[in-house]
Amino acid sequence: MSDIRQQALDYHEFPIPGKTAVCLTKPAETSHDLALAYSPGVAEPVREIAADPDNAYRYTNKGNTVAVITNGTAILGLGNLGPLASKPVMEGKALLFKHFANIDSTDIEITHNTPEEFINTVAAIADTFGGINLEDIKAPECFVIERELIARCKVPVFHDDQHGTAIVTAAGMINALEIQGKLISDATFVCMGAGAAAIACMTMLVKCGANRANIYMLDTKGVIHSGRTDLNEYKALFANDTEKRTLLDVIKGADVFLGLSGPDVIGAEEVALMADKPVIFACSNPDPEIKPALAHATRSDLIMGTGRSDYPNQVNNVLCFPFIFRGALDVRASCINDEMKIAAVHAIAALAKEPVPASVLKAYPNVTSLSFGPEYVLPKPMDPRLLPNVARAVAQAAIDSGVAAITTLPKYAD
């Protein structure tokens, strides 16, 4: 572990600090170049944009930019360490946007006293960018922040901790349940965790066909049930009318366990109580709710997913967010709506059923083969087909749902 720690620190420090930089897209070698880039030539696109704000998409990089914005109140699995400490994560997000979808991303870390201050700050700068990716903001403030910014901003606003996690989870869950011979509408779900990601995941699964009455969500006080008086409006959506109160109560006979909480919160006893052919997605990072070795030793008939790259079936947001924004930017969508999210779910799920190209296997030297099945319910992040398949599906959904300013589907190289 100490070697990994030092490698990570060296990676971020050398040869220059950080993971991103600005590059030029126009020449700046001659006096004429400078006259075009700045004064007096720059006045011409200024006048054009003043006359029609949409011209910003013609004459600036606005249409290929996303701001990754946080307040650092929920950094990965590290908690509230403040805006500046979150900067390496936001730079990492910018790296992923560029690497996987060729989107230019700027990280912005905001210090504020109230959610309203955060909202006002982001709303004031939003029009600089083609889209806003909110990141690592704690619940329940994140729900209010995203809702208000969607209402106030003219560009897409997307809280990836909520919706990116939900989209990838839903894609993997649909495939896992299919392999196990179960219908999502009949499945019983136990969700350990009731924060932003958990609520978004269960909301998305309901939109994909899960029965809300079959969902048992737990927070630190146990099962979220209709008799509790301590629930915020978001948890209350999943208050089950049940006499069950504990994890042991709800895990018996459950088809699915979804963990978005913390390490080692379930053990062999709970896994043994689940229904035949269960699905376990233990997504706490870096340590899952149950170690895969223990889960598999307890049940030979389960499908297991985690948030880690060193186990099969990694539930990884990078399967989603670069391509969601690629599709949204390409048709100049005003928002990222449910239709676009669900299109992404089905595009990701479908890709896992296709033959895996050799280039993907080459990127994973410890993997000799990949095919749709219990250990491959989601595509690998290095699969080059994610960009065309997911972006195309999202762009088409934006056009079909009427939120796209460009109504011709872009051509994506397969």
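Q: What makes the nonpolar surface patch of about 310 Å²?
A: In this predicted model, Tyr 38, Val 42 and Val 46 make the patch. Tyr 38 sits in the loop between helix H2 (31-37) and helix H3 (43-51).

Q: Why is Tyr 38 called exposed?
A: Its relative accessibility is 64%. Exposed means over 50%. Tyr 38 therefore counts as exposed.

Q: Why are helices H14 and H17 called oblique to each other?
A: The axes of H14 (residues 321-330) and H17 (residues 386-400) cross at roughly 50°. Roughly parallel needs an angle under 35 degrees, and roughly perpendicular runs from 65 to 115. The angle fits neither class, so the pair is oblique. The two axes come within 7 Å. Their crossing is right-handed.

Q: What makes helix H8 oblique to helix H15?
A: H8 (residues 160-179) and H15 pack at an angle of about 45°, with axes 8 Å apart. That angle is not under 35 degrees and not in the 65 to 115 range, so H8 is oblique to H15. H8 passes H15 in a right-handed crossing.

Q: How do you know that the peptide bond from Ala 139 to Pro 140 is cis?
A: Omega for this bond is near 5°. Pro 140 is in the loop between strand E3 (131-134) and helix H7 (141-152). Most peptide bonds are trans.

Q: What joins Asn 285 and Pro 286?
A: A cis peptide bond does, with omega about 0°. Pro 286 lies in the loop between strand E9 (279-282) and helix H13 (292-298).

Q: What is the phi of Asp 136, and is this residue buried or exposed?
A: Phi is positive, about 55°, although Asp 136 is not a glycine. Most residues other than glycine have a negative phi. Asp 136 is in the loop between E3 and H7. Its relative accessible area is 3%, and buried means under 20%, so Asp 136 is buried.

Q: Why is Arg 332 called partly exposed?
A: Its relative accessible area is 26%. Partly exposed lies between the 20% and 50% cut-offs, so Arg 332 belongs there. Arg 332 also has a positive phi of about 55° without being a glycine. Its place is in the loop between H14 and helix H15 (338-351).

Q: How do you know that Asp 127 and Lys 62 meet in a salt bridge?
A: Their side chains come to 3.3 Å, N to O. The cut-off is 4 Å, so the pair qualifies. This pair links distant parts of the chain, 65 residues apart. Asp 127 is in the loop between helix H6 (115-125) and E3. Lys 62 is in the loop between helix H4 (56-59) and strand E1 (65-70). Lys 62 has a relative accessible area of 6%, under 20%, so it is buried.

Q: What makes Arg 147 and Glu 148 a salt bridge?
A: Their closest N and O atoms are 3.9 Å apart. That is within 4 Å, so the contact counts. Arg 147 has 41% relative accessibility and is partly exposed. Glu 148, at 31%, is partly exposed too.

Q: Why does the contact of Arg 308 with Asp 310 count as a salt bridge?
A: The closest N and O atoms are 2.6 Å apart. The limit is 4 Å, so the contact counts. Arg 308 is partly exposed at 23%. Asp 310 is partly exposed at 47%.

Q: What joins Asp 219, Lys 221, Arg 228, Asp 230 and Lys 235 into one network?
A: Salt bridges that share partners do. The whole structure holds 24 salt bridges.

Key:
Residues numbered from 1 in each chain as written. Predicted model: local features only at pLDDT ≥ 70, side-chain atom pairs only at ≥ 80, totals over all residues. Heavy atoms only, no water. Patch = residues over 30% accessible without salt bridge, like charges linked within 9 Å, V, L, I, M, F, W, Y side chains within 5 Å. Areas by Shrake-Rupley, 256 points an atom, 1.4 Å probe, with all protein chains shown as cover. Helix = DSSP H or I, 4+ residues; strand = E, 2+ residues; numbered from the N terminus. Buried < 20%, exposed > 50% of the residue type's maximum accessible area, 1.4 Å probe, protein only. Axes fitted to C-alpha atoms, helices over the stretch in contact; angles between N-to-C directions. Parallel < 35°, antiparallel > 145°, perpendicular 65-115°, else oblique. Left-handed = near helix turned anticlockwise from the far one by under 90°.
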